[in-house]
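Let's take a friendly walk through this structure, starting with how its elements are named. Have the model open as you read.

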Amino acid sequence: MQRVSRRRLMNMVAAGGAGVALTTLAKTVTTKAENAEMTAEEQAATVIPAARAFSGQHVPKPLPFDPAKLKGLSEKLLKSHWENNYGGAVKALNAVEQRLAAMLPDKDLPPYIYGDVKREELARTGSVVLHEHYFGNLGGDGKASGKALDLIRQWFGSYEQWEAEFKKTANALGGGSGWTILSYNLYTGEVHNYWAWDHMHNAPMGYPLLVLDMYEHAYHMDYGAAAARYVDAFMQNVNWDEVNRRAEGMRVRT
Ligand SMILES: [Fe+2]
């Protein structure tokens, strides 16, 4: 097992070392290996195990549909969104985790510096999870059915009333950023359309059933500032089979 001195580690972190190098460091850091007086046993005892939480090995999920076949959402838009915004979030999350791994053994690191990277960990995780749900619930015929429809009727009275509230929530985010999320709340046992200003903003314990990306990058290429037309197009392409899989997979509170 390779060992890296604390001094060398800090120099690499300060220089913004490559992600691969940081991953290696996380697995091999020792804080006293340069001390020539340490015995082999003492040196072995100082080796810090790798933190799996910071492995930084996330891989983008491919689009689960043919982007040339959606109604009202162009192939160019969908590919750009998937590659640049979602793909960028995956890369950033890996970089953030690798940087956290490198910071882990640094006892002198100011908490406010660490906090900045922890904020990025939360934001990038939210972006990856929500984008994967968003692309995952596209590619269908837009016709609600099954357990999801049952839940919608149970909590909103009718599909039409739910859709109107979902669209109203989404349009309230038009021209800005955020997400609209039909969620089953694992704590309250209720179903709501939650408004989310950014990747980190969601109701605690909200389990996402249907996710709509309201960042401008999700529609500006096709619709300019006409966010409401994008929301209409989204509804025509919802894959309710996937929404139903999510609804069937959650643990419903009784
Ligand atoms: Fe997005």
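Helices and strands here are DSSP runs, with at least four residues for a helix and at least two for a strand, and they are numbered from the N terminus. With that numbering, Met205 falls in the loop between S2 and strand S3 (206-213). Keep in mind that you are looking at a predicted model.

Stay with Met205 for a moment. Its phi is near 70°, a positive value in a residue other than glycine. Most residues other than glycine have a negative phi. Is Met205 buried, exposed or something in between? Its relative accessibility is 48%, so Met205 counts as partly exposed.

Met205 also has company: together with Leu186 and Tyr187, Met205 forms a nonpolar patch on the surface, and the accessible area of the three adds up to about 320 Å². Leu186 sits in the loop that runs between strand S1 (179-185) and strand S2 (191-196). With a relative accessible area of 31%, Leu186 is partly exposed.

Now turn to the metal. Which residues hold the iron ion? The donors are His81 (NE2), His131 (NE2), Asp213 (OD) and His217 (NE2), at 1.9 to 2.2 Å. Angles of 88 to 134° between the four donor atoms make the arrangement tetrahedral, because four donors count as such if all angles lie between 85 and 135 degrees.

Along the sequence, the donor residues follow the spacing H-x49-H-x81-D-x3-H. His81 belongs to helix H4 (residues 75-103) and His131 to helix H5 (residues 111-136), so this pair ties together parts that are 50 residues apart in sequence. His81 counts as buried at 1% relative accessibility, and His131 is buried with a relative accessible area of 1%.

Technical notes. Residues are numbered from 1 along each chain as its sequence is written. This is a predicted model: local features need pLDDT of at least 70, side-chain atom pairs count only at pLDDT 80 or more; totals for chains, interfaces and linings use all residues. Side-chain values use heavy atoms; hydrogens and water are left out. Donors are N, O and S atoms within 2.8 Å of the metal (3.2 Å for Na, K and Ca); water is not among the atoms, so sites may look incomplete. Four donors count as tetrahedral if all angles lie between 85 and 135 degrees; four count as square planar and six as octahedral if opposite donors are over 155 degrees apart and all others between 65 and 115; anything else is irregular. Buried means under 20% relative accessible area, exposed over 50%, partly exposed in between (1.4 Å probe, protein chains only). Patches are made of residues with over 30% relative accessible area and no salt bridge: like charges are joined within 9 Å, nonpolar side chains (Val, Leu, Ile, Met, Phe, Trp, Tyr) within 5 Å. Accessible areas come from the Shrake-Rupley method with a 1.4 Å probe; for residues, only the protein chains shown count as cover. A salt bridge is a side-chain nitrogen of Lys or Arg within 4 Å of a carboxyl oxygen of Asp or Glu.
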